[in-house]
Amino acid sequence: MKKKINRFVGIMIFAFFMVSFIPSAFAAEDTSAPTALSFSPETGTVVQTDSFTVTAYGVSDPSGIKAVTFSISNTDDSLLNQVEYNAVSMGNNAWSRDIDLSDFANEPGTYVIDIWGRDNNDNKALMGSITVNIPTAASEKIEAFINAATAQLGKSYELGGKGPDVFDCSGLVFYALNTSDYPIDYMTSSEWAVSSYTVVGADDLQRGDILCFEGHVGIYLGDDSMIEANGTVRIRDDLLNSDYFANNFICARRVFE
């Protein structure tokens, strides 16, 4: 019995000795580190921007967050870069940090950013993930073009109207391009259909393409919709499977490439 007790004590001492010398890196993943209950922008959403602000709400102790680490990866999970910032406490159980995506990657594309919080004891915990899309120069121009068009929603139709208060279908395209710093001469719908811009078929449509129909023209918004001047400036949904599209679509022209 005495030998068994001595053996048990020896094992316990050895186990204590081994635990005492586990590398501190294991503690770096301690889930007791401060965690966020919610984020702005919401975690998991796609943010198309060159820079953004991450705000975490519901942090149990924002003053205890020493730093925030952002790890950026390709969508296939291959790590590209890590950047650590000092956390900025906002009080009221929240902190905020302005993020410049050029700190992570200079190439346009879609990336996943993991946000890690590190407390004063160097405990680290994953607080959330955000998918970001760093836009190309062309996509920035497309968004400016579409924003210029959608700003006219609800305005009246008038044959030959080129804005800013009334539009016909070609006039809306003309006005939106010119007010988004893309100078272009006015073209009718039939002229758009035979213009020198890259021709695109129905299966290859992209946001910002000019949709050419028999006697009509619109701007493709993606997600099966277009903006057009037809009665008023409006958005037409359920476009691609409609009888109108099947019977009147000629081609699309791509201005931005």
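Among contacts between residues at least 6 apart in sequence, 57% join residues at least 24 apart; a contact means heavy atoms within 4.5 Å. The model is predicted, so local features need pLDDT of at least 70 and side-chain atom pairs count only at pLDDT 80 or more, while totals for chains, interfaces and linings use all residues. Residues are numbered from 1 along each chain as its sequence is written, and side-chain values use heavy atoms, with hydrogens and water left out.

**The whole chain**

Display the protein as a cartoon: five helices and 17 strands make up its secondary structure. Helices (H or I, at least four residues) and strands (E, at least two) are DSSP runs, numbered from the N terminus. Of the 257 residues, 42% count as buried, where buried means under 20% relative accessible area, exposed over 50% and partly exposed in between, with a 1.4 Å probe and protein chains only.

**Helix α2**

Select residues 137–150, which form helix α2. At 1.5 Å a residue, its 14 residues should span 20 Å, and the end C-alpha atoms are indeed 20 Å apart; the expected span is 1.5 Å times one less than the number of residues. Among the buried residues of α2 are Ala138, Ile142, Phe145 and Ala149. An α-helix has 3.6 residues a turn, so residues three or four places apart point the same way.

**Aromatic pairs**

The structure holds nine aromatic pairs. Rings of Phe, Tyr and Trp (its six-membered ring) pair if their centres lie within 6.5 Å; planes under 30 degrees apart count as stacked, over 60 as edge-to-face and the rest as tilted. Select Phe167 and Tyr175, an edge-to-face pair with 5.3 Å centre to centre and 70° between the planes. Both Phe167 and Tyr175 are buried.

Next, select Phe213 and Phe249, also edge-to-face, at 5.9 Å centre to centre and 70° between the planes. Phe213 lies in strand β13 (residues 210–213) and Phe249 in strand β17 (residues 249–254), so the pair ties together parts that are 36 residues apart in sequence. Add Tyr244 and Phe245 to the selection: ring pairs link them with Phe213 and Phe249 into a cluster.

**Charges over rings**

At Tyr244, add Arg236, whose charged end sits over the ring, 4.4 Å from its centre. This requires NZ of Lys or CZ of Arg within 6 Å of the ring centre and within 35 degrees of the ring normal. Elsewhere, Lys162 lies over the face of Tyr186, at 4.3 Å from the ring centre.

**Last stop: Ser195**

Select Ser195, in the loop between α4 (189–193) and β12 (198–200). Its relative accessibility is 11%, so Ser195 counts as buried.
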